[in-house]
Amino acid sequence: MAGNDKRRGGVRKTNKKGMVVGSGGQRRRGLKGKGPTPKAEERVTHPAKKRADQRAKADQQRAKRQASAENAPELVAGRNPVVECIRAGVPATGLYVAQGIDVDDRVTEAVREAKNRGIPVLDVPRVELDRLTSNAMHQGLALQVPPFEYAHPGEVLTAAHDTGLPPLIVALDGVTDPRNLGAVIRSAAAFGAHGVVVPQRRSAGITAVAWRTSAGTAAKLPVAKAVNLTRTLKDYKEAGLMVIGLDADSDITSDELELATGPLVVVVGSEGRGLSRLVRETCDQTVSIPMSTGVESLNASVAAGVVLSEVARRRRIR
């Protein structure tokens with residue numbers, strides 16, 4: 001029995017003649033890798049993918065709300081703000097007056113000047129004015145201001161060339177206070193600048209507050225919005241303009257500003273951090289303002305006014 005088992009089990013498969021059934025290479029292909037594992041956010045069934053989609057959807061909705069807010073009219077609430085806007089010549093599409101309010105000199109002036117300028121005066125219930133102003137302290141008065149129409153940065157440069165004078169443009173890098181923006185626009189107009197450029201993001205826009213602070217000059221001076229401020233400054237440089245940035249740490253002061261009489265862009269940094277890194281690197285020169293020791297730096301609008309005044313002075317005496 002043992003011998004028979006030995007004979008039956010002694011047939012070696014490796015000596016078998018004829019074709020041998022194999023995998024046809026499929027076993028090798030089956031072992032081939034399928035590439036790197038996708039990120040969790042890219043796997044359809046992974047919870048991280050769901051969270052990523054929710055974040056993307058929320059970002060889209062936020063962008064839509066922001067765009068809608070930028071294109072929506074603004075309401076200036078309160079008797080003093082309304083009167084100041086009307087005095088400054090802020091364009092308005094309607095004056096809301098709550099029914100049954102106590103009339104004083106401010107209400108009388110607002111209604112009179114609105115009618116003189118052809119602004120519709122609308123008597124509305126107080127509860128309706130509460131709703132329109134989101135329960136702000138309107139004191140019975142609110143002024144509707146349409147969204148500001150910005151120019152293109154190229155249009156500002158074209159308008160400057162059309163004057164026949166060396167272009168002078170003011171650019172704001174991250175100025176977020178609309179009062180500072182309005183004050184810079186006012187200084188720019190006063191000292192002969194041809195336009196103002198603001199970045200699309202992280203910057204104040206032309207709101208009613210900026211209108212009021214500019215004393216109406218925002219209607220006379222083109223204000224452009226740049227999608228990428230650094231790229232816009234480089235475009236201006238390619239067009240032959242020199243770019244200077246206001247920087248408290250610069251060794252060159254405004255008293256030594258030899259570039260003032262040529263085509264020029266003056267860049268004003270934000271109220272807190274000053275010029276951003278990319279904008280500073282794009283500048284041909286940075287300039288500081290000579291000041292007494294122990295005095296804190298000037299805010300953005302005052303610094304812009306000082307340097308623009310020096311530029312205007314040098315251009316007058318050249």
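These legends describe close-up views of one predicted model.

The model is predicted, so local features are given at pLDDT of at least 70 and side-chain atom pairs at pLDDT 80 or more, while totals for chains, interfaces and linings use all residues. Residues are numbered from 1 along each chain as its sequence is written, and side-chain values use heavy atoms, with hydrogens and water left out.

**View 1. A salt bridge between Asp 247 and Arg 280.** A salt bridge is a side-chain nitrogen of Lys or Arg within 4 Å of a carboxyl oxygen of Asp or Glu. The N to O distance here is 3.2 Å. The two residues are 33 apart and link distant parts of the chain: Asp 247 sits in the loop between strand 8 (242-246) and strand 9 (264-269), and Arg 280 in helix 11 (residues 277-282). Helices (H or I, at least four residues) and strands (E, at least two) are DSSP runs, numbered from the N terminus. Asp 247 is buried at 15% relative accessibility, whereas Arg 280 is partly exposed at 33%. Buried means under 20% relative accessible area, exposed over 50%, and partly exposed in between (1.4 Å probe, protein chains only).

**View 2. A salt bridge inside helix 11, between Arg 277 and Glu 281.** The closest N and O atoms of this pair are 3.3 Å apart. Arg 277 and Glu 281 are separated by about one helical turn because they stand four residues apart in helix 11. Both residues are exposed. Elsewhere, Arg 79, Asp 104 and Arg 106 are joined into one network by salt bridges that share partners.

**View 3. A salt bridge between Arg 179 and Asp 177.** In this pair the closest N and O atoms are 3.5 Å apart. Arg 179 is exposed, with a relative accessible area of 52%. The model has 13 salt bridges in total.

**View 4. Helix 8 packed against helix 12.** Helix 8 covers residues 178-190 and helix 12 covers residues 300-317. Their axes are 8 Å apart and make an angle of about 10°, so the two helices are roughly parallel. Axes are lines fitted to C-alpha atoms, for helices over the stretch in contact, and angles run from 0 to 180 degrees between N-to-C directions. Angles under 35 degrees count as roughly parallel, over 145 as roughly antiparallel, 65 to 115 as roughly perpendicular and the rest as oblique. Helix 8 contributes Asn 180, Ala 183, Val 184, Ser 187 and Ala 188 to the contact, and helix 12 contributes Ala 300, Ser 301, Ala 304, Gly 305 and Leu 308. Contact means heavy atoms within 4.5 Å.

**View 5. Ser 134 and Asn 135 in the loop between helix 6 and strand 4.** The loop runs between helix 6 (126-132) and strand 4 (141-145). Most residues other than glycine have a negative phi. Ser 134 has a positive phi of about 55°, and Asn 135 has a positive phi of about 65°. Ser 134 is exposed, with a relative accessible area of 62%. Asn 135 is exposed too, at 62% relative accessibility.

**View 6. The aromatic pair of Phe 148 and Tyr 150.** The model has one aromatic pair. Its rings are edge-to-face, 4.9 Å centre to centre, with 75° between the planes. Rings of Phe, Tyr and Trp (its six-membered ring) pair if their centres lie within 6.5 Å; planes under 30 degrees apart count as stacked, over 60 as edge-to-face and the rest as tilted. Phe 148 is buried at 17% relative accessible area, and Tyr 150 is partly exposed at 28% relative accessibility.
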